[in-house]
Each structure stands twice: as C-alpha cells, then as structure tokens.
Amino acid sequence: MHKLSLKNLQPALAGLIVDHKIGKREVYATFIDLVVRGYVGIRKKGRRRDYFVKKDTDKLNRYEKILLPLEEYTSETKIKKSLNKIYKSKYFEKSINEDLKKEMLGLKNESNLVSDELLSYGPANILSMKRKAGAVTLV
C-alpha cells in the first residue's frame, strides 16, 4: 500500500482526487497557493494590486510555473485574464496529467503498484481506482 499525504497536497491534485477533473477552481486555487507559499508577492498601490515572482521557482512543478506572472509587476486584471486563458487552453490540465503520469511511472518502478494497463487509464482515474481499492491511503 502506498500512502499519499494530504498535508502538503497541492490544490490542483486535491481537486483531481475529489472530482476527477481540473477546472477553473483548481487553476485559481493553485495560484493562491503560490501566493501563500511565498512564490508570488503582492504589491499594493492604493486600491490596485500587482503580482510579481518573489523567490526562486526551481522547486515548483511545471503546472505551477505556468501560472506565474510574466511581467515584473502584473495587475490583478491581467492575472485573472491570464488564469482564465490558461484554464480554457487545457494546458494546465495537460501539464498536471503529464507530471502525474511520471509520478505513477515512478510508483510502478518503485513498488509495482501501477501496471502498464492501469497507466493507460490516465492519472485521475488511477488515483481514484487505487483509492477505492485501498492501494492508496489518504493520510
């Protein structure tokens, strides 16, 4: 049995486990998580808020890096437009699926928990099936 800790679970993965899909909610939650974890800073000027990359992003997943502000100071309006565009393009969802598939391949190599046939179902379905079968315990 493989234990999947919920303690540091990224919002996008939590959403994937809960409802088996990545939606706008997961995109926005991941951006807010980046703010909370200190990767994105907020500069306030009166009623205006600008966002900027605050610290080194090497440890972030690819799907998290997609959401980072591209300009030095990006307005809240531009951030919202950018997040909506990313959500609609499905690039965020594809990146998560690719990252999860790599993780599942690692599990397969490490413990034979995931078969080749199971990998073909896709990461969200694998997590769901494994959880139902008791092979993955959420702690």
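These legends go with a set of close-up views of a predicted model.

**View 1. The whole chain, with a look at where the prediction is shaky.** The protein chain carries seven helices and five strands, and reading along the sequence gives the pattern β-α-α-β-β-α-β-α-α-α-α-β. Of its 139 residues, 39% count as buried. Contacts between residues 24 or more positions apart make up 51% of those with a separation of 6 or more. Confidence is mixed: the chain averages a pLDDT of 77, and 68% of the residues score at least 70. Residues 111-115 stay under 50, and the model gives this stretch 13 contacts beyond four places in sequence. Residues 133-139 are also below 50, with 22 contacts beyond near neighbours in sequence. A word of caution for such places: where pLDDT is low, the predicted coordinates should not be read in detail.

**View 2. Helix H4 has a buried face and a lysine side.** H4 covers residues 76-89, and its length checks out: at 1.5 Å a residue, its 14 residues should span 20 Å, and the end C-alpha atoms are indeed 20 Å apart. Ile 79, Leu 83 and Ile 86 are the buried residues of this helix. Looking down the axis of H4, these buried residues fall within an arc of 65 degrees, so they line one face of the helix. Flip to the other side of H4 and you meet Lys 81, Lys 85 and Lys 88, which are exposed. Just after the helix comes Lys 90, with a positive phi near 65 degrees.

**View 3. The largest nonpolar core draws on several helices.** This core has 21 residues, and those touching the most other members are Phe 31, Leu 34, Leu 67, Phe 92 and Ile 96. Two or more residues come from each of helix H1 (11-19), helix H2 (24-36), H4 and helix H5 (91-111). That fits a familiar habit: in soluble globular proteins, nonpolar side chains tend to be buried together.

**View 4. Phe 92 and what surrounds it.** Leaving aside residues up to four places away in sequence, Phe 92 touches Ala 12, Ile 22, Glu 26, Val 27, Thr 30, Tyr 63, Ile 66, Leu 67 and Ile 86. Some of these names turn up in other views too. Ile 86 is one of the buried residues of H4, Ala 12 is one of the buried residues of H1, and Leu 67 is among the core members that touch the most others.

**View 5. Helix H1 and the residue that follows.** The buried residues here are Ala 12, Leu 13, Gly 15, Leu 16 and Ile 17. After H1 comes His 20, whose phi is positive, near 65 degrees. H1 is also one of the elements that give two or more residues to the largest nonpolar core.

**View 6. Asp 33, Arg 37 and Glu 64 in a salt-bridge network.** The structure holds nine salt bridges, and this view shows a network of them linking Asp 33, Arg 37 and Glu 64. For the pair of Arg 37 and Asp 33, the closest N and O atoms are 2.6 Å apart. The two partners fall in separate classes of exposure: Arg 37 is partly exposed, at 30% relative accessible area, whereas Asp 33 counts as buried because its relative accessibility is 18%, under the 20% limit.

**View 7. Two salt bridges, one of them between H4 and strand S3.** Arg 49 and Glu 76 meet through their side chains in a salt bridge, 3.7 Å from N to O. This pair ties together distant parts of the chain, with Arg 49 in strand S3 (residues 48-53) and Glu 76 in helix H4, 27 residues apart. Arg 49 is partly exposed, with a relative accessible area of 34%, and Glu 76 counts as partly exposed at 24%. The second salt bridge joins Lys 78 to Glu 71, with the closest N and O atoms 3.5 Å apart. Lys 78 is partly exposed at 44% relative accessibility, and Glu 71 is partly exposed at 41%.

**View 8. Thr 57, a buried loop residue.** Thr 57 sits in the loop between S3 and helix H3 (62-65). With a relative accessible area of 17%, Thr 57 is buried. Setting aside residues up to four places away in sequence, Thr 57 touches Tyr 39, Lys 65 and Leu 68.

How values were computed
Residues numbered from 1 in each chain as written. Predicted model: local features only at pLDDT ≥ 70, side-chain atom pairs only at ≥ 80, totals over all residues. Heavy atoms only, no water. pLDDT = per-residue confidence, 0-100. Contact = heavy atoms within 4.5 Å. Helix = DSSP H or I, 4+ residues; strand = E, 2+ residues; numbered from the N terminus. Expected span 1.5 Å × (residues − 1). Buried < 20%, exposed > 50% of the residue type's maximum accessible area, 1.4 Å probe, protein only. Arc of directions from axis to C-beta. Core = buried A, V, L, I, M, F, W, Y, C linked by side-chain atoms within 4.5 Å. Salt bridge = Lys/Arg side-chain N within 4 Å of Asp/Glu carboxyl O.
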